[in-house]
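Here is a quick tour of a protein model, from the inside out. Take a look at it first, then read on.

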Amino acid sequence: MTASCRVNRDLLVLVVSVAVGLLGRTAPARAQSQSPAPALQLEDAVHLALTRNERAKIALLQVAVSRAGVERARSGFLPVLTVGGNDAVRPERDNSPSAPINVATASATLTQPILNLPALPLYRQAAQLYEAQEAQSTDDRRTLGFDAAHAFLNVLTAGAVLAAAAQKLDSAKANLADTQARAQAQLTSSNDVTRAEVDLANAAREVEENRGALESARVQLALVVNAQVDGALARPESMLRVASQPIDSVGDLVQLAVRRRPDLIATHHGAAAAHELAAEPLYRLAPTLALIGQVLATSNPSTTTPWHDETASLSLGWTIYDAGARYADRHARLATAAIADLNVSALERAVGSQVRSAVALLASAQAALKQAAVAEQAARQSAEETAILYRQGLAKAIELVDANDQRFEAEVSYSEAEFQTAQAYLNLREALGLDALGTELK
């Protein structure tokens, strides 16, 4: 009986050892398979927006539409070939047995414009509109990249505020436990416990509110990038570092913006297209000349009508007077071109104003960030010192609550100031006509 129990016990130990060994082997593999996904980078968010958002695809399709307009305008210089056919069936008659029952005919006509002056300004207008659309589509995609970057920073800001609120909640829990212990030891009054409970409830409320704000920011980011955003986001350290550097030579930045802004380039091309269209009515004063070649074929040739016949001719058209239509078009299009020129001038002035405003806001955000860093450091030190004094009975509970509130507000202010500086830096890059990502201002 003893030997049997010993064998069973040894067998049980062996089974348990094998099971533990298998668990030890599979646990790391399971942990490795469930490793968290890498944090989403700012560059990845912008890339997702430019490849998956419908706005980016629409911008490319608009360029294709404009390119087709150029092809359409080029047709005014190219030949047109028209082919037609006809088969006529007649009933058979006794009095004319030699008449054919059916007669098939075919024709091919080639028309080649030789002189078509109105097509010249229309082609140049289409080319200018194509260049304008390319620049505008570039600006649309560029703006989409900035929208993704701003949404990315909004998520980071909300996450930082939530982290500060969670830290405040942990501090409130610790203070409540410490206050309850001191009240049980009759070292403090029950009123201090009540204050600590109120502080804990407020901290929990702030955590829930900030968690909702973070989820809302994630939803907006997911909308822009057209992808699910559930994991962590990486801080754009290089952008935060560059954003804190001072910006000099505002005048040079304005000139850079005037040269680079795609929307301004698109407006220039649009104005040039308006001038080309305004010149088109004057080209109608010239005649038009075309070469026409035609081939006719029939299935029933005769001695007088061969089965095929070829002709070539020149067609001249000249509208001497068109009831004033060309001059009315000219006057209307000149006014439209003048409006386009004024839009260019207004946009150039707006670009300069946007750059100067963005520089001023960035400088203000940088100064606010420096002050927020000082306040955050002082508030953290004050909260730590007040906690020590409270444990020693040298500070009141209300002083501890106030110190923790000031620390939370200072941390939130610093996080917001840090990312607001990055937002201001993005606004400056957008005003300058740069992309959301780049090192031009380092």
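## The nonpolar core

This is a predicted model, and a good place to start is the middle. The largest nonpolar core has 60 residues, and the members that touch the most others are Phe152, Leu221, Val225, Val229, Leu233, Val355 and Leu432. Seven helices each put in at least two residues: helix 2 (42–52), helix 4 (119–184), helix 5 (190–225), helix 6 (237–243), helix 7 (250–260), helix 9 (325–391) and helix 10 (397–432). Helix 4 is the top contributor, with 16 residues.

What does valine 355 touch, leaving aside its neighbours within four places in sequence? Its contacts are Leu253, Val254, Ala257, Leu428, Ala431 and Leu432. Leu432 is, like Val355, on the list of core members that touch the most others. As background, nonpolar side chains in soluble globular proteins tend to be buried together.

## The overall layout

Zooming out, the protein has 10 helices and four strands. Going along the sequence, the order is α-α-α-β-β-α-α-α-α-α-β-β-α-α.

How much of the chain is buried? Of its 442 residues, 33% count as buried. Among contacts with a separation of 6 or more, 81% join residues 24 or more positions apart. On the outside, the accessible surface comes to about 25,700 Å², and carbon and sulfur atoms account for 58% of that.

## Two buried residues in helices

Asparagine 210 sits in helix 5. Is this residue buried or exposed? Its relative accessibility is 16%, so asparagine 210 counts as buried, the cut-off being under 20%. Setting aside neighbours within four places in sequence, asparagine 210 contacts Val161, Leu162, Ala165 and Phe408.

Leucine 347 belongs to helix 9. With a relative accessible area of 18%, leucine 347 is buried as well, because the limit is under 20%. Its contacts, again without neighbours within four places in sequence, are Asp263, Leu264 and Thr267. Leucine 264 is 83 residues away from leucine 347 along the chain, yet their C-alpha atoms are separated by 6.7 Å.

## One aromatic pair

How many aromatic pairs does a search of the whole structure find? There is one. The partners are phenylalanine 77 and tyrosine 123, in an edge-to-face arrangement with 6.0 Å centre to centre and 85° between the planes. Phenylalanine 77 is in the loop between helix 3 (54–74) and strand 1 (80–89), while tyrosine 123 is in helix 4, so the pair ties together parts that are 46 residues apart in sequence.

Neither ring belongs to a residue that counts as buried. Phenylalanine 77 has a relative accessible area of 32%, which makes it partly exposed. Tyrosine 123 is also partly exposed, at 27%.

## A nonpolar patch on the surface

Some nonpolar side chains end up on the outside. Which residues form the nonpolar patch on the surface? They are Ile114, Leu115, Leu291 and Leu314, and together they have about 350 Å² of accessible area.

Isoleucine 114, one of the four, lies in strand 2 (residues 102–115). Its relative accessibility is 48%, and since exposed means over 50%, isoleucine 114 counts as partly exposed.

Methods:
Residues numbered from 1 in each chain as written. Predicted model: local features only at pLDDT ≥ 70, side-chain atom pairs only at ≥ 80, totals over all residues. Heavy atoms only, no water. Core = buried A, V, L, I, M, F, W, Y, C linked by side-chain atoms within 4.5 Å. Buried < 20%, exposed > 50% of the residue type's maximum accessible area, 1.4 Å probe, protein only. Contact = heavy atoms within 4.5 Å. Phe/Tyr/Trp six-rings, centres within 6.5 Å; stacked < 30°, edge-to-face > 60°. Patch = residues over 30% accessible without salt bridge, like charges linked within 9 Å, V, L, I, M, F, W, Y side chains within 5 Å. Areas by Shrake-Rupley, 256 points an atom, 1.4 Å probe, with all protein chains shown as cover. Salt bridge = Lys/Arg side-chain N within 4 Å of Asp/Glu carboxyl O.
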